[in-house]
Structures are given as structure tokens and as C-alpha cells.
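Let us test some labels against their criteria. Each turn asks what earns a term, then checks it.

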Amino acid sequence: MVRSINMPNRAARARKIALVALSSTVAMVPGVAWADCTASNSTTVTCSGTSAAYTNSASGVNVTVNSGASVTSPLVIGSSGTLTNAGTITNTGAVYGVQYGDNATITNNGTITSSSSSSGAGTISVGANSTVTNNAVMTAYAGTPLVTFGTNGTFINNTAATAALTGIVAFGTNTGTDRAYFYNYNTAYGLTGSVTASGNITAYNNGIFTGNFVQTAKALDNAVVFTNDTSGTYTGLIVTGDQTTLTNNGTMYLYSGSTIGSLGLYASQVTNNKDLWVGTTSSPAVLSIYGNYTQSSTGTLNVAIIPSGSATNAAGTTYSQIYTTGTATLAGKLNLNVSAGFYPTGTTFDVVKADGGISGTFTSDNITVNSGTNLLFVTFSGLGVITTSGTQQVYRVAATHNSYATVMQAAGANANQLAISRGLDKLLVTASANTGSDAAAFLGTVDIINNTSDAKLFLDQLSPEGYLAYATALRDQANLFARTINHRMGDQNSDHPEDGWWLTPQMQASFSSTASQVGGYRTKDNLVGLTGGYDFSGPNHVWGLAVNLSWDKLRYAAQSLSGTNRDYAIALYGGKNFGPLHVTGQLAYNAGKLTTSKIITIGGYTRTAAGSASEYLAKATAKAGFQLKFNGMVLEPFVGIDFNKGRISAFTETGAGSANLTISAISADRTEALAGVSFTRSKGMFRPYVDVTYRSRMSGAGNTVTALMNAQADTQFTVTGLAQGKNQIDANAGMNFVFDDAGALFVGYQGTYRTDYKAHGINLGIRLEF
């Protein structure tokens with residue numbers, strides 16, 4: 001480093017020696033410069049390029065850091081100095097990056113930062129009667145000082161600032177006529193940190209202030225004047241000890257622990273002219289004012305409310321409150337920021353409490369919930385001003401829980417939705433008697449619903465209506481097994497015995513639209529089965545035994561219920577020709593299990609109910625046909641009857657707490673008359689086949705499901721679902737590849753058609769002779 005020293009006489013040399021004795025750093029006389037900070041005269045210093053540090057303890061030194069310049073701290077200047085920064089000043093040590101004496105003026109148009117977390121580290125330190133103005137970037141390590149002032153300090157954060165202030169703006173002690181001043185005008189970034197003061201301070205926020213404002217009491221009157229103006233958004237704590245005048249013309253979010261004028265020697269005054277939020281739904285708060293509270297007609301008080309559960313309803317715990325040792329004067333609006341939870345009828349909330357009494361009231365039409373979105377099933381209404389003891393009064397709000405059925409009937413709910421709502425009304429009685437129960441927790445998530453569309457969707461998701469489809473699926477699986485056996489009996493056209501094994505896999509998937517809700521929601525499914533058997537057959541007879549394994553995967557149109565029917569089945573079958581008369585019959589037994597998952601979504605809350613139940617179906621089928629044979633072809637019109645007796649056993653869902661339903665047994669009974677025609681070629685290797693059966697219901701189960709909630713008998717309700725259509729057409733068509741001495745292969749189409757359902761699929765198989 002090159003050092004240039006200008007010392008024209010012995011007196012100047014003596015002054016230099018004295019300064020060295022006064023400074024812990026390298027002290028320099030006016031005109032002395034290190035690196036690229038250059039003194040052009042006794043009071044003017046310009047920094048360009050890079051400087052490791054600069055110290056000048058003389059009075060009245062004016063420092064300019066040019067754009068592009070970089071100064072590594074510390075920058076130490078004496079009293080009455082100025083700093084105009086357009087470059088970058090960086091501190092990484094356990095010191096303040098910029099250190100000025102009294103009467104300093106610092107204007108930052110560049111970047112001044114301190115990244116050190118060490119004790120004693122900070123960004124700027126100035127003496128008494130100093131002003132710091134930020135127009136760009138000024139930061140400190142979180143929790144360390146951004147600026148430390150002596151008495152009569154002023155800090156200004158202008159709209160031009162390009163980053164959020166971080167750290168602590170710490171003002172010195174101001175008593176008597178001394179006063180600190182804090183101004184924040186920046187609406188884009190503002191302050192993310194804290195302001196601390198002791199004694200007198202005036203704070204003006206017309207930008208973003210996120211953090212804490214803390215004033216230490218000095219037993220002063222008129223000590224704190226805090227204004228949050230029209231463009232101001234303040235979020236955090238305000239804690240003052242001395243007499244305080246707080247005026248909110250913008251938006252303030254005051255968190256738990258905020259206290260105004262806590263020393264209480266002089267009455268403080270809080271005035272709300274716009275939006276004041278007290279606490280949050282995760283942490284309700286009591287804003288304690290040692291003095292008076294006034295809300296004008298333009299003001300809105302927003303208080304947080306959460307459910308008490310099994311705890312005692314209390315201010316600061318389950319709801320927010322403004323508490324004053326003096327009086328409260330009310331006008332304007334009250335908004336309740338209500339979180340999801342259970343609020344039984346009669347729950348009260350004293351949102352304002354004034355030891356000296358309350359005058360005025362909130363406008364009755366201006367009591368809103370969640371900023372006007374309101375709730376369907378819980379109403380909060382003002383009971384007005386109530387005297388609790390002596391001069392102490394409260395403004396009290398009460399909750400009223402509305403009947404689910406009454407609300408939904410007014411909303412035009414359908415019969416199923418109303419039936420479920422009536423069950424919920426019975427569950428409401430249980431929840432009200434035990435607010436800490438899961439029934440209360442469940443209804444608490446329901447109660448946060450604020451529109452009828454979401455309420456109807458919730459009721460559809462809770463509904464057991466979709467379980468009807470599993471009874472239909474059970475019959476469809478049994479019918480597919482019977483159709484496969486029927487096809488096996490129909491492909492016997494040899495003139496010699498053909499005893500042997502046979503195996504047929506099959507699948508079909510529904511392609512019906514689920515958009516229509518006429519008669520109930522539809523369900524789509526995908527059915528896969530595997531059938532095998534052994535039979536004894538000849539030119540005029542076939543007798544055999546078959547087994548079947550099938551899976552049917554179902555999805556309810558309401559998108560809340562999905563699952564699988566898994567069934568095992570065994571059947572005895574036989575057919576006999578008496579001349580052209582062809583008689584066939586089957587006796588089968590299906591046994592299986594359904595497993596389901598039902599998702600109930602309410603806003604951001606979800607419960608999942610799992611279902612599991614056994615099921616069975618006994619099936620008997622008989623047909624008689626008349627065979628017309630010509631040119632190696634067989635055309636057979638036939639009639640018959642199909643009898644089904646079975647059910648899905650009663651079961652209780654699991655996993656969803658009080659939202660679990662206990663489902664009564666669901667009948668799968670159905671008797672159908674059959675009529676149809678089959679066609680096949682009886683000779684040759686390639687034998688096409690067609691079989692069409694028309695089925696018409698003669699009797700059978702209805703289309704209702706009965707359930708109850710939370711294992712409570714009085715919650716029982718019945719819903720109506722989409723029943724299986726009265727009529728159905730089964731179609732099979734394909735090709736047999738017959739090898740007389742070895743067996744046969746076949747592949748074909750199978751379809752099922754009814755009013756509410758259309759399914760298409762394939763089946764294929766092999767028969768081996770022994």
C-alpha cells in the first residue's frame with residue numbers, strides 16, 4: 001500500500017500524534033487517504049474503486065461513495081459528518097460497518113450491509129441528533145442492529161428503497177424535549193425486523209412493516225405517537241410502556257403479546273379508522289390497552305375465533321379480544337375470522353371488554369364472518385353491550401348452530417341429501433353434549449362450509465348410495481359365470497363323447513356415461529373373470545362342474561367411492577336333448593368380499609372411510625329351447641328363468657371416525673324371465689356362434705340403502721340409488737375352432753346392455769378332450 005502524507009509544519013505533526021492516541025484504528029488527519037478513498041480537502045472524501053477501511057475522526061467530514069465503489073468496513077467518521085453512498089459498503093466483522101459521531105447525516109442510495117452475526121456487529125452506528133435515510137438497500141443479519149442511534153435520532157425509509165430493511169432500528173433514550181423519529185414510506189419492501197426505543201418516539205408507517213415495535217417506559221406522558229397511515233400494513237407486535245397515541249388508518253395485524261401503555265401512569269388512546277386484526281386463528285390474542293379504544297364508522301375490527309373443544313372458552317385462548325382499562329367507543333364493522341371447528345348453540349365471545357364501559361355499538365348489518373363469506377350452518381350474531389360487573393362492560397357475540405336439514409331444504413337439496421342432513425342433526429346433539437368428541441371435530445369441518453354447492457357435494461360424498469352398485473356387480477359377476485357355462489354347453493356338437501377340461505378367461509368394461517344423475521349416480525366398472533371346468537358330454541348330453549374367480553373394479557360417479565368386488569363361485573350344470581327339445585340348467589353359488597375406499601373432502605379437510613364386507617349369491621337358471629337344424633347349422637330359440645338370492649352383509653366403515661357409516665345389509669335378490677335365440681354351426685372346423693338373451697325382471701330388491709352414523713341408532717337414514725334396469729340384453733358372438741380329436745378353441749365378443757349400463761368385452765377359451 002502507498003501512503004501519502006502532507007505535513008507542512010510541526011503543529012500538524014503534533015495533531016497527528018494526538019489522533020493516534022484517541023483511535024483504536026489507524027487515525028488520519030484531514031487529507032489522509034487509504035486505498036481509493038481520497039480526501040480532496042480537509043472535509044471532503046471521495047471513495048471510488050475498492051477500500052479495505054477508512055477512518056477520519058475529524059469533525060464535519062463529508063464522505064461520498066461513488067457508484068461502483070466498494071468499501072469493506074469499518075468506515076469511521078467523527079461528528080457532524082455526512083455520508084452519501086451510491087456504492088457498496090460491506091461489513092463482515094464484529095463491529096458496526098459505518099460508525100459516525102453526533103449530528104451525522106447518512107443518505108444511502110446504494111448498498112450498506114452487515115452479514116455478521118457476531119456480538120457487537122451491526123450495519124450503522126450514529127451519535128445524537130443524527131438522521132439516516134435509505135433509498136436503496138440496507139440490511140443487517142437478522143436480530144442484529146441495522147442502525148443504532150443516540151438521542152434525537154431520525155430514520156427514514158423512502159419509497160425508492162429496493163429491498164426490505166432487515167435487522168433492528170434501535171433508538172437511544174429520549175426524555176424531556178428529546179424525541180426519536182421513524183418514518184417508513186416503502187410499500188414494495190418495507191421493513192422486516194424491529195424498531196426499539198426508550199422514552200419519546202414518533203413512528204409513522206405508510207408502507208410495509210413486518211416485525212415488532214417495542215418502547216421501554218420512562219414514566220412519560222405523550223411519549224409514543226404511532227400512526228399507521230392509509231397505505232400502511234403493519235404486521236407483528238406493538239409493545240409500549242408509556243402513554244401512547246396509536247392511530248390506524250391502514251391495515252394492522254397485531255399478534256399475541258401486544259400491549260399499549262402498560263405502565264398505566266397516563267391513559268393511552270388507540271383509534272381504528274380502517275382494518276385492525278387482533279390475533280390469528282392459530283394464535284388468538286388479547287390486545288391490552290391501558291387507556292381507551294375508539295373505532296370510527298370507517299373502521300373494522302377483525303377478531304379471530306377458534307373452537308374451544310373440551311377446553312374453556314376464553315379470551316386469548318379460543319378467541320381474540322380488545323381489552324381496555326378505560327372506555328371503548330364502538331362504530332363501524334365487526335368481522336369474525338372463524339376457523340374450522342364446532343360451535344354449539346349458546347357459545348359466546350366477549351370480543352371487546354372495557355373496564356370503564358362501552359358506548360356506541362357495531363352496526364348490526366356489519367357483523368360478518370370471514371370477511372363476508374359467512375357460514376351455512378353456524379350463525380354468529382351480536383348480543384350487544386352487556387354489563388358484567390360495576391362499570392365493566394363487554395360487547396358479546398353468540399353462536400347459533402342451525403339445523404342441517406333446515407338449511408339444506410332451503411337450498412333445494414334432493415331427497416338423499418336431506419335424509420343425510422337429518423342424520424347429521426342427530427349427530428349434532430351428540431357433539432353439543434361433548435364438544436371434545438370426534439363427532440364435534442367432524443361437524444366442525446362441516447360447519448366451515450360457506451356455500452350450498454360445496455354442502456351438497458359433501459353430502460353426496462358421505463352418502464352410502466354408491467354401495468348399491470356392488471350388489472349389482474355381484475349379480476353381474478354371477479351372470480357372466482353363467483353365460484360362460486352356457487356357451488360351453490352350446491359348443492357341444494360332436495357325434496361322439498367329448499369328456500374333458502375347459503378354461504375360459506373373460507373381461508368386460510362399462511362404457512356408459514356417468515354424467516346423468518336421473519334416478520341416482522351411476523357407477524363404472526371393469527370386470528375380469530377366469531372360469532374352468534370338467535364335463536362329460538356326448539351327442540345329446542353334457543354334465544359338468546365349473547369354478548370361477550372374478551374381480552369387478554368399480555368407481556362411483558361422484559368420485560368419492562371406489563373399490564373391488566372379488567368373488568369365488570362353483571356351479572353344477574347340465575344339458576340334454578330330447579329330439580329337437582334342448583333343456584339346460586345351472587346351480588351356482590357365489591361367495592366373495594367387497595373392499596372400498598370412500599374419500600370425504602371438505603375444503604382442506606379430508607377423511608377416508610374404508611369398507612369391507614362379505615357377500616354371497618345363490619343362482620339357479622333353467623332354459624328350454626327348440627333346435628332347428630339345417631345344412632350343418634343350428635338355430636335355437638329359447639325361454640327360461642333366472643333366480644338369484646343373495647346379499648351384501650351389513651358392515652361398518654373404518655378410518656373416518658364419526659364420519660364412518662354402518663351400512664345395513666343390501667339385498668341382491670332378483671328373478672328374471674329369459675327369452676332369446678342362439679345360432680351356431682354344428683359341423684366343420686370353423687364354427688361361428690351368436691347368442692342373444694333378453695332378460696326382464698319379475699321381482700327383486702329395491703334401490704335403497706339404509707345406514708347410520710357414528711354407531712348411533714338415532715342417526716339412521718335411508719337413501720335411494722340407481723337400481724339395476726328392469727330389462728337387459730346379453731350378447732355373445734364369436735368363432736369356435738374345433739378339432740374333433742383334440743378339443744376346441746374359441747374367441748368372441750360379449751356385451752351387456754341395459755338402460756343405465758352398457759359394457760363390452762371379450763372372452764376366449766380352450767377345451768381339451770380326454
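Q: What does buried mean, and what makes T244 buried?
A: A residue is buried under 20% relative accessible area. T244 has a relative accessible area of 2%. The value falls under the cut-off, so T244 is buried. The model is predicted, and the values here are computed from it.

Q: Which residues does T244 contact, leaving aside its neighbours within four places in sequence?
A: Contact means heavy atoms within 4.5 Å. On that basis T244 is in contact with V224, I260, G261, S268 and Q269. T244 itself lies in strand β25, residues 244-248.

Q: What makes the pair D242 and T244 a polar contact?
A: The cut-off for such a pair of N or O atoms is 3.5 Å. A polar atom of the T244 side chain lies 2.9 Å from the backbone oxygen of D242. That distance is within the cut-off, so the pair counts as a polar contact.

Q: How do you know that β25 and β28 pair?
A: Pairing needs at least two bridges. Four bridges join β25 to β28, so the two strands pair. They run parallel. One of the bridge partners is T271 in β28, matched with T247.

Q: What makes β28 largely enclosed by the rest of the structure?
A: Strand β28 covers residues 268-272. Four of its five residues are buried, so the strand is largely enclosed.

Q: How many bridges join β28 to β31, and in which sense do they run?
A: Five bridges join them, and the strands run parallel. Strand β31 spans residues 291-295. S268 stands opposite G291 in β31.

Q: How do you know that β29 pairs with β26 and with β32?
A: Check each bridge count against the minimum of two. Strand β26 (residues 251-254) pairs with β29 (residues 275-278) over four bridges, in the parallel sense. Here M252 stands opposite L276 in β29. Four bridges also join β29 to β32 (residues 300-305), again parallel. In β32, N302 is the bridge partner of W277. Both counts meet the minimum, so both pairings hold.

Q: Why are β49 and β55 called edge strands?
A: Four strands form an open sheet in the order β49-β50-β54-β55, with antiparallel pairing. Strands β49 (651-652) and β55 (717-720) each pair on one side only.

Q: What joins β50 to β54 inside that sheet?
A: Three bridges join β50 (residues 661-663) to β54 (residues 704-709). At least two are needed, so these strands pair. They run antiparallel. L661 has M709 in β54 as its bridge partner.

Q: Which helix lies across β54 and β55, and at about what angle to β55?
A: Helix α3, residues 415-433, lies across both strands. It runs at about 165° to β55.

Q: What makes a set of residues a nonpolar core?
A: The members must be buried, of nonpolar type, and joined through side-chain atoms within 4.5 Å. The largest such core has 83 residues. F155 and F380 have the most contacts inside it. Strand β36 (residues 348-354) gives the most to this core, with four residues. A second, separate core of 55 residues includes V446, L462, Y467 and A478.

Q: Why is helix α4 described as largely enclosed?
A: Eight of the ten residues of α4 (residues 438-447) are buried, so the rest of the structure largely encloses it. Among the buried ones are F442, L443 and V446.

Q: Which residues of helix α5 are buried, and what sits at its start?
A: In α5 (residues 452-462), A455, F458, L459, D460, Q461 and L462 are buried. At the start of α5, a side-chain oxygen of N451 reaches to within 3.3 Å of the backbone nitrogen of S453. The polar cut-off is 3.5 Å, so this pair is a polar contact.

Q: What makes Q750 buried, and what does its side chain reach?
A: Q750 has a relative accessible area of 1%. The cut-off is under 20%, so Q750 is buried. Its side chain reaches the backbone oxygen of M507 at 3.3 Å. Q750 lies in strand β57, residues 743-754.

Terms used. Residues numbered from 1 in each chain as written. Predicted model: local features only at pLDDT ≥ 70, side-chain atom pairs only at ≥ 80, totals over all residues. Heavy atoms only, no water. Axes fitted to C-alpha atoms, helices over the stretch in contact; angles between N-to-C directions. Buried < 20%, exposed > 50% of the residue type's maximum accessible area, 1.4 Å probe, protein only. Polar contact = N/O pair within 3.5 Å; in protein donor to acceptor, adjacent residues only side chain to side chain.
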